[in-house]
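Work through the following exercises with the sequence and the structure at hand. Each one sets a task and is followed by a solution in steps.

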Amino acid sequence: MPELPEVETIARGLRRAIVGAQILAVEVRKPKMAQAPAGLDFSAALRGECIEAVERRAKYVVIALGSGRRLLTSLRMTGRLVVQAPGERDFPATYVVLDLSDGRRLAFADTRTFGRMRLIEPNEAWDAEIGPEPLERAFTGERFGAILAKRRTPIKALLLDQRRVAGIGNIYACESLWLAGIRPSRPAGSLRGPARERLRRSIIDVLERAIEMRGTTVDDYVDAEGLKGGFQNALAVYGRLGEGCLRCGSPIRRTVIAGRGTWWCGQCQR
DNA sequence: CCGTTGCCCTGCCAGC
DNA sequence: TGCTGGCAGGGCAACG
């Protein structure tokens, strides 16, 4: 499930691989997965574009194009964005293929077809509603405090809300709350002082360590080279129902918050 | 405005 | 063995 660390890993891999390449041809095999602004044809608009940069914003891979347009990719749960050598076989469920000038291909595959590519006009403020990047300087204690203040929603639900903080998904929400020793159901606004600062630092720490280990592969995730991540071996709570807490030994519990499975330690998360 | 619920979609797996 | 139902979940729409 690509979240911030996985998307960051993919974006870094793509940056090395495809910046400077030109898009020669585009094949869309499932039209709903390749969206363009009104009046534009996705394939025709991309044909001939140069790839100038690859960035990440929240859980989106952002490919900056010569025209000033941008190609966004949202991988959702099972999406893959992989660079393939000439003649290499398709991944299963490959739905959009960009043929590059050097013969390689950028393939977008997704078994569950929840993922999307979306072409964005140069001046479109597509990320106006998305919250601050937790690994940037602007994610200060003061800013985090303002985001949590007076919110009665469970802190776990708030962390998953991309309008509040960018890039955190279910795995890293669970892991950050465990590291900070905070119960996932706690009202966001009840976190103040040291607990709130512990959570902010835990979010940053967990995301940075996960990026170092090239993300978490639970089942599907692979990076731009098709390689699995390593952080699944460092998970403290996610998916560990009934196993011992790494801090206190009591069994990890599972509940549902905001419609998502939530793993946590009833003993040391308060 | 705010917060919650349901839907999209397929693969996997426990249970019968 | 083969089927079925439940679960996995990011982002969005609909609802109260």
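**Exercise 1.** In this predicted model, find which residue just after H1 takes a positive phi, and then describe the helix that comes before that residue.

*Solution.* Begin at the end of the helix: just after H1, the residue with a positive phi, of about 100°, is Gly-20. Next, turn back to the helix itself, which runs over residues 4-18 and so counts 15 residues in the DSSP assignment. From its first C-alpha to its last, H1 reaches 20 Å, which is close to the 21 Å expected at 1.5 Å a residue. Finally, consider its surroundings: H1 is mostly covered, since 11 of its 15 residues are buried, among them Leu-4, Val-7, Ile-10, Leu-14 and Ile-18. The buried residues of H1 also include Glu-6 and Glu-8.

**Exercise 2.** Determine what the side chain of Glu-175 has around it, given that Glu-175 is buried.

*Solution.* First locate the residue, which lies in helix H5, residues 170-180. Then look for an opposite charge: the nearest such side chain is that of Arg-209, at 6.5 Å, and because a salt bridge needs a distance within 4 Å, Glu-175 has none. The next step is to look at the backbone, where the nitrogen of Val-237 lies 2.9 Å from a polar atom of the Glu-175 side chain. Last, list the contacts beyond four places in sequence, which are Val-206, Ala-234, Leu-235, Ala-236, Val-237 and Tyr-238.

**Exercise 3.** Decide whether Ser-176 is buried or exposed, and find the backbone atom that lies 2.6 Å from a polar atom of its side chain.

*Solution.* Ser-176, which also has its place in helix H5, has a relative accessible area of 1% and is therefore buried, the limit being under 20%. A polar atom of the Ser-176 side chain lies 2.6 Å from the backbone oxygen of Tyr-172. Leaving aside neighbours within four places in sequence, Ser-176 is in contact with Leu-199, Ser-202, Ile-203 and Val-206.

**Exercise 4.** Identify the residues around DNA strand B, and say which parts of the strand Lys-32, Thr-153 and Arg-112 approach.

*Solution.* Start with the full set, which consists of Lys-32, Thr-111, Arg-112, Thr-113, Phe-114, Arg-151, Arg-152, Thr-153 and Arg-164. Of the atoms of DNA strand B that come within 4 Å of the protein, sugar and phosphate account for 56%. Then take the polar contacts in turn: an N or O atom in the side chain of Lys-32 is 3.0 Å from a phosphate oxygen of the strand, and a polar side-chain atom of Thr-153 lies 3.1 Å from a phosphate oxygen. For Arg-112, a polar side-chain atom lies 3.5 Å from a base oxygen of DNA strand B.

Notes
Residues numbered from 1 in each chain as written. Chains lettered and ligands numbered in written order. Predicted model: local features only at pLDDT ≥ 70, side-chain atom pairs only at ≥ 80, totals over all residues. Heavy atoms only, no water. Helix = DSSP H or I, 4+ residues; strand = E, 2+ residues; numbered from the N terminus. Expected span 1.5 Å × (residues − 1). Buried < 20%, exposed > 50% of the residue type's maximum accessible area, 1.4 Å probe, protein only. Lys, Arg positive; Asp, Glu negative; His and termini not counted. Polar contact = N/O pair within 3.5 Å; in protein donor to acceptor, adjacent residues only side chain to side chain. Contact = heavy atoms within 4.5 Å. Near = heavy atom within 4 Å.
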